[in-house]
Structure formats: structure tokens, C-alpha cells
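I opened the two-chain entry to look up its sheet, its core and its backbone outliers. My notes follow.

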Amino acid sequence: MVRLNELPVEELFTSGHRLCAGCGAGTIMRMTLKAARGPTVVVNATGCVEVASTIYPYTSWKVSWVHVAFENAAAVASGIEAAYKALRRKGLWDKHVDVIAIAGDGGTFDIGIQALSGALERGHDFLYICYDNEAYMNTGIQRSGATPHGAATTTSPAGRRIPGKPEFKKDLIGICAAHGIEYAATASPAYWNDYITKVQRGLEVEGPAVIHVFSPCPLGMRFDSSKSMEVARLAVQTRYWPVYEVEKGKYKLNIKVPQPKPLVDFLKIQGRFSHLFQPEFQHEIEALQRWVDENWSRIASLCGETA
Amino acid sequence: MAKVIGLTGNEAIAYAVKQCDVDVIAAYPITPQTIMVELLSEYVYNGEINAEFVCVESEHSALSACVGASLTGARVFTATASQGLALMHEMLYVASGLRCPIVMGVANRALSAPLNIHGDHSDMMGSRDCGWMQVYAENAQEAYDWIIQSFKIAEDCRVLLPISVNIDGFILSHSMERVEVLEDEDVSRFLPPRKPVITIDPAKPITVGALCLPDYYFEMKRQQVHALNESYNVIREVNRDFESFTGRKYDLLETYEMSDADVAIISLGSTAGTAKAVARDLRSEGKKVGVIKPWVYRPFPEEDLIKAVGDAEALAVLDRACSFGAPFNALCSDVVAALYRYGKSSVKVFNCVYGLGGRDITPTDIRAIFNEALEVAKTGIVKEQLEFIGVRE
């Protein structure tokens with residue numbers, strides 16, 4: 001795993017962006033570019049990071065950066081990768097270029113899943129990073145396919161009849177790994193060296209790689225902006241967010257959680273779950289705990305671990 | 001020296017693209033464009049062209065990939081039709097907004113519902129305000145010629161805008177015609193490799209597609225208007241250059257028998273060919289009729305159109321698409337606006353919608369339209385401003 005003194009001092013994602021205080025995505029972007037190994041082009045889907053980092057005429061990016069639209073970061077990355085391949089073959093370009101596509105959960109789980117699937121199937125050499133803050137936070141906290149069960153968003157509100165989102169989170173890495181890609185992994189910014197190492201690995205492999213990283217959002221998950229990394233750590237320590245990788249189809253659990261903290265430790269510090277603590281919705285917490293347990297044992301068993 | 005071969009419209013476009021040293025083709029097959037994509041894949045798979053073929057999972061991704069590829073400085077081509085163009089709609093605006101000189105072949109086809117795979121212009125007319133240059137070909141030869149010219153026009157640093165070359169679905173896309181093709185070396189001489197102005201070269205990092213708020217967005221759009229205005233002259237220059245290479249003369253629009261015409265039909269694409277044949281017959285009967293065929297629909301060649309109309313007193317404007325609820329349909333609206341702007345609103349105009357969903361328009365229909373125009377010119381009265389030709393009422 002990468003060590004702190006091995007990281008470049010240079011900041012390729014600079015300060016001055018307009019992300020919220022405590023935004024996990026800003027930290028994730030900074031760490032992502034700490035792993036950049038040479039000529040890099042970032043393709044950014046519409047979303048928090050995009051709008052907050054490139055308000056014309058300013059930019060936080062010291063690498064070439066392209067934003068096209070919401071649902072097509074993977075398709076745009078395909079075109080860039082293909083173009084450099086063609087230009088190199090013709091002798092019009094001489095360097096390898098790392099292409100990194102970055103999108104939120106809305107741009108990945110929902111509107112962008114088709115473009116992502118197509119790009120993975122075609123085998124383009126690029127790294128796709130989904131920073132998952134578990135809702136459409138940029139437009140003001142609407143539910144996505146990544147929003148967990150029970151969470152209150154503005155389109156899955158904590159209603160009197162329906163207490164938050166009834167559905168459960170989609171298995172993104174399962175979907176990506178099913179494409180037979182070389183490398184897929186989950187991560188949490190609280191475990192910075194695990195994440196940066198994974199970005200390095202994702203860039204190294206030839207062909208598509210996907211990293212699904214938990215992105216704590218003080219505004220949308222409703223916690224104090226000083227608590228971001230705590231939330232990101234609790235996600236892992238409660239087994240809510242298993243940190244694992246799938247390399248050439250082989251699963252490996254990267255962070256073992258032998259004695260998980262109770263899920264409520266993760267839930268109770270976030271306002272989006274506060275309604276579940278009313279006695280009549282206790283069963284929803286239990287349902288979410290069951291999902292966490294089943295998800296963990298499924299992944300642990302894929303990783304050859306005994307849960 | 002040129003050689004003559006038999007090619008359909010789809011084949012002519014694919015053949016031209018093959019000679020244009022493209023770097024990336026990203027496309028998704030759709031009737032009636034499919035053969036274009038099949039042929040291009042074949043060229044790539046057989047190593048006949050040194051390009052990457054990105055066989056995407058949708059038209060939306062096709063144009064998205066093209067935008068990404070174009071930003072690297074690569075020469076890029078895509079092709080689509082109908083629903084595919086509609087699915088691309090969002091990306092059409094991004095391609096022009098990011099100033100990507102992408103060339104796109106469109107085999108025009110009706111839009112659903114009801115589902116119909118045959119030719120009309122609803123697809124491109126539905127995207128007429130997307131900031132692309134838009135060319136309509138009358139036959140396979142023109143399609144071939146315009147594709148080669150289009151790369152040069154689009155990539156010119158005064159323009160840097162995408163361009164679509166439209167051929168009528170089936171009528172042109174699937175009809176075999178005589179086409180004079182250039183030798184590969186001649187195309188290379190006419191069309192040198194792309195010289196991009198700014199790219200996403202990581203050695204000189206730039207940010208493309210930033211968020212532009214009310215303080216800058218308007219200026220960006222104004223620049224696109226400026227670029228389209230600049231394109232008039234660039235198109236003419238490229239046309240002249242192409243003529244010196246091939247002897248084939250192109251312009252913003254073509255006129256037929258307009259020097260002393262009393263009336264004219266204005267039409268895009270293959271129907272203009274039928275109109276010219278009918279006009280020739282009517283001329284032999286002593287009737288002073290002519291035809292105006294805009295090759296370039298965007299930017300709209302209004303100055304040339306006014307010049308072409310000359311002293312004609314009545315115009316029948318043929319639209320192969322319906323602008324539901326509008327006073328006139330697309331082409332006619334532009335013609336009327338141009339007449340008004342040039343102080344020629346006394347010219348009588350009527351609008352004929354025809355051929356939706358691939359319905360044939362016959363020489364008999366066109367003869368009737370010319371005769372009606374002659375009647376309008378004689379009486380000064382337009383009985384019906386908007387007609388639907390060949391439809392069961």
C-alpha cells in the first residue's frame with residue numbers, strides 16, 4: 001500500500017473550488033490526482049464536483065479536464081481513449097494518456113449506467129471513479145439508485161406513511177465486475193492509502209477499471225462538516241461499506257472488520273436517518289441492518305472469508 | 001484521374017469518409033443509415049483505413065465519444081438517422097458548443113410515432129437550431145462531394161463547428177447511382193490532416209466544458225453565431241477549391257432556370273432533382289419556371305436566396321417535415337423571413353408539406369405545384385398558404 005512520503009507534494013486538484021465545507025468529494029479528487037502517474041485527462045460528469053470546480057473562468061484542475069454532460073462520462077472517455085490510440089498509431093501522438101472518468105452516483109447508478117456498461121464491454125483502457133454520496137446532492141438531495149433503504153431525501157422524504165426510501169442500494173461493483181473487467185474496487189476516503197493504491201492499480205491495468213468510493217456529504221446526509229471522515233470511517237467499521245476489490249474476477253476483502261460496530265452508530269450521526277429512530281419505524285433500522293449483514297456475508301464469502 | 005463507380009448514397013458517404021483519413025468513427029446502426037456504419041466497420045476491420053471504430057451502445061454515446069475524440073485533435077465522423085438523431089439531440093448542442101468539427105452523415109428518416117423507417121426531414125429539422133452546419137444532398141455524387149468538403153469546412157479555424165450531410169432515407173441512401181470518385185491521393189491533397197487549434201493535450205492542460213453562469217454563457221453563444229456567419233465564406237472558399245480539383249461546382253445553393261423565372265419551387269434534397277426535371281418539361285411548354293435548391297440549410301443562405309429569387313413573383317416552398325402549430329414549416333419560415341428582411345415581402349409564397357414517412361412525390365404533383373404557382377403569379381392571389389401534397393384528407 002502507498003505511503004504518505006511516496007505521494008507527490010504537488011496538488012493537481014487545487015484549493016479555491018466551491019465544494020461545501022467538509023465535502024468528501026473534494027478530498028477524493030485531491031487524493032485521486034495524487035495517484036496520477038503522467039499525462040492525464042479527466043472526464044467529469046455533471047454533478048457536484050463538476051459545477052463546484054470549474055466555474056468559468058476558474059478551474060481547480062491542473063490536468064486536462066473535460067465535462068460534456070451528465071450521463072455520458074464513460075462514453076466521452078471512450079472517445080478520448082480511442083482517439084489517442086489512433087493518433088499514436090499514426091505517429092501523431094507519442095505518449096500514453098491516462099483517462100479518468102469521474103461521476104457521482106446519479107451519473108453512474110442511474111442516468112449513466114448504459115454508457116458505463118457500453119464502455120466496460122468495449123474494453124477501453126480507462127479508470128472510472130464513482131464518488132457516491134448516495135443521492136443527487138448537487139440538485140438538492142434527491143434519491144438515486146445508490147440511496148440506502150430508509151434514507152430521507154427530497155424525493156423519498158421521511159413521510160408519515162413511507163419513512164424514507166423503501167428500496168435498497170444497487171450493487172454497482174457486482175454489475176461492473178459482471179462485465180469481466182480487469183479491476184473493480186470499493187473504497188472509503190477515510191482509508192486514504194487503500195484508496196490511492198486502488199487508483200494507482202486502476203490506472204495500471206490495461207482495460208477498464210472501476211472504483212466505487214463512498215463520499216460523505218455533510219449537506220445531504222446531514223451531519224456536521226467536521227465529521228466527514230468519521231462518517232466515512234464508520235461506514236466501513238459498521239460493515240455498511242465493505243472495502244474490497246475484484247481483480248480478474250477474484251474477490252479480495254481489503255479491510256477486515258472482525259468486530260463491527262452496530263449500524264446505528266453510522267445512522268445516528270446522520271440527519272437523513274433521524275426519522276428511523278422513532279419507535280414506529282424501528283423495523284426499518286432492522287431491515288437496513290439485515291441488508292448490511294446479508295451484503296457483508298455475500299461479499300465476505302466471495303472473498304473467501306468467513307463472515 | 002477520377003473514376004466512375006456505382007454507389008448508393010450510404011456507400012458514397014462511407015467511401016468518402018474512407019478517403020478522408022479519419023481517426024475515430026463512433027456510430028450506432030439505424031435504418032436507413034446502417035450500411036454506412038457496416039461499410040466503415042468493414043474498412044476498419046480489413047485495415048483499409050487507419051482509424052478506431054468505437055461501436056457504441058447508443059447514438060447518445062456515439063456523439064459523446066465523438067466529442068471526446070474531437071477534443072484530442074482527432075478527425076472524427078459519425079452517422080445516424082431519425083430516432084438516433086433525436087437521441088443525440090442533447091449532444092448536438094454540446095458538439096457545437098464545444099466547437100468540435102465533427103462530420104456526420106444523416107440518412108433522413110421520419111420520426112416516431114407512429115413508427116416509420118422511410119425518408120423525410122423531420123429528424124434534422126427537429127434539430128435545426130442545434131448550431132451545426134447542415135447540408136442537403138440531391139444525389140449520391142453530391143453526398144460524396146460534400147462529405148469531403150465538410151471536413152475542410154468544419155475544421156477551418158474560422159469555423160470549428162460540426163456539420164451534417166443529409167441524404168434522403170432510402171431514396172438516396174439505398175439507390176445505386178453513378179458516382180465520380182477521386183483518387184485517394186487527390187483527396188489527401190485537397191484535405192490535409194486536421195490542424196487543431198486547441199486540444200486537451202495533457203502537457204498543456206485546459207478545462208473544457210466548464211460551468212458558465214449568466215456572466216459568460218451569452219458571449220459563448222454569441223461566438224457560435226459569429227462562427228456560423230464566418231462559415232458562409234469558408235464554405236464558398238472550399239467550394240471553389242473543390243471545383244478546381246474536380247470541376248464540380250458547389251455553392252450555398254443551386255439554381256435551375258432562375259434567370260428569368262416567373263415562379264420557383266424551393267426544395268431541399270432529392271426532390272429538387274424531380275423539380276428540375278419537371279421544370280425542364282414546363283420550360284419546353286413555354287412556362288417560365290425555375291428551381292432553387294439550398295445545398296446549405298444552416299447557415300441559411302438568405303442573401304444568395306434573395307439573389308436567386310430575382311424577379312420571380314411566386315414561390316412554392318416544399319417542406320418534407322412538419323412544424324406542428326407553426327405558421328409555416330421550417331424551410332418556408334426561413335424563406336419568408338429572408339424575403340421580409342430584404343424588403344421583398346411582396347413576393348407571393350405558399351408552403352407545401354409533402355412526402356412525410358416516405359410518401360412519394362411524383363412529377364405530376366410537382367407539375368401541379370408549378371401550375372399553381374404560375375396561377376398565383378398571374379392573379380396575385382394565394383388561395384392556400386399551406387398545403388399538404390398527396391395526403392388523404
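**Helix on the sheet**

I looked first at helix α7 (residues 192-204) of chain A, which lies across β3, β4, β5 (183-187), β6 (209-214) and β7 (244-247) of chain A and runs at about 165° to β5(A). I took helices (H or I, at least four residues) and strands (E, at least two) as DSSP runs numbered from the N terminus. Contact requires C-beta atoms, placed from the backbone, within 7 Å. Axes are lines fitted to C-alpha atoms, for helices over the stretch in contact, and angles run from 0 to 180 degrees between N-to-C directions.

I note that this is a predicted model, in which local features need pLDDT of at least 70 and side-chain atom pairs count only at pLDDT 80 or more, while totals for chains, interfaces and linings use all residues. Residues are numbered from 1 along each chain as its sequence is written, with chains lettered from A and ligands numbered from 1 in the order in which they are written.

**Sheet**

I then traced an open sheet of 9 strands with mixed pairing, in the order β8(A)-β7(A)-β5(A)-β6(A)-β4(A)-β3(A)-β1(A)-β2(A)-β9(B). β8 (250-253) of chain A and β9 (207-208) of chain B stand at the edges with a single partner strand each, so one side of each has no neighbour in the sheet. Pairing here requires at least two DSSP bridges between two strands. I found 5 bridges between the parallel strands β1 (residues 40-44) and β3 (residues 98-104) of chain A; A:Val41 has A:Val99 as its bridge partner in β3(A).

**Core**

Which residues touch the most other members of the largest nonpolar core? Of its 240 residues, they are A:Ala101, B:Val24, B:Val67, B:Ala143, B:Ala264 and B:Leu315. Such a core is a set of buried Ala, Val, Leu, Ile, Met, Phe, Trp, Tyr and Cys residues joined through C-beta atoms within 7 Å. Buried means 20 or more other C-beta atoms within 10 Å of a residue's own, these atoms being placed from the backbone.

**Backbone outliers**

I recorded that most residues other than glycine have a negative phi, and most peptide bonds are trans. Phi of A:Ile141 is nevertheless near 70°; A:Ile141 is buried, with 24 other C-beta atoms within 10 Å. B:Ser82 has a positive phi of about 45° and lies in helix α4 (residues 82-97) of chain B.

I also logged a cis peptide bond between B:Arg298 and B:Pro299, with omega about 0°. B:Pro299 lies in the loop between β13 (296-298) and α10 (302-309) of chain B.

Definitions and conventions. Buried ≥ 20, exposed ≤ 12 C-beta atoms within 10 Å, placed from the backbone. Contact = placed C-beta atoms within 7 Å.
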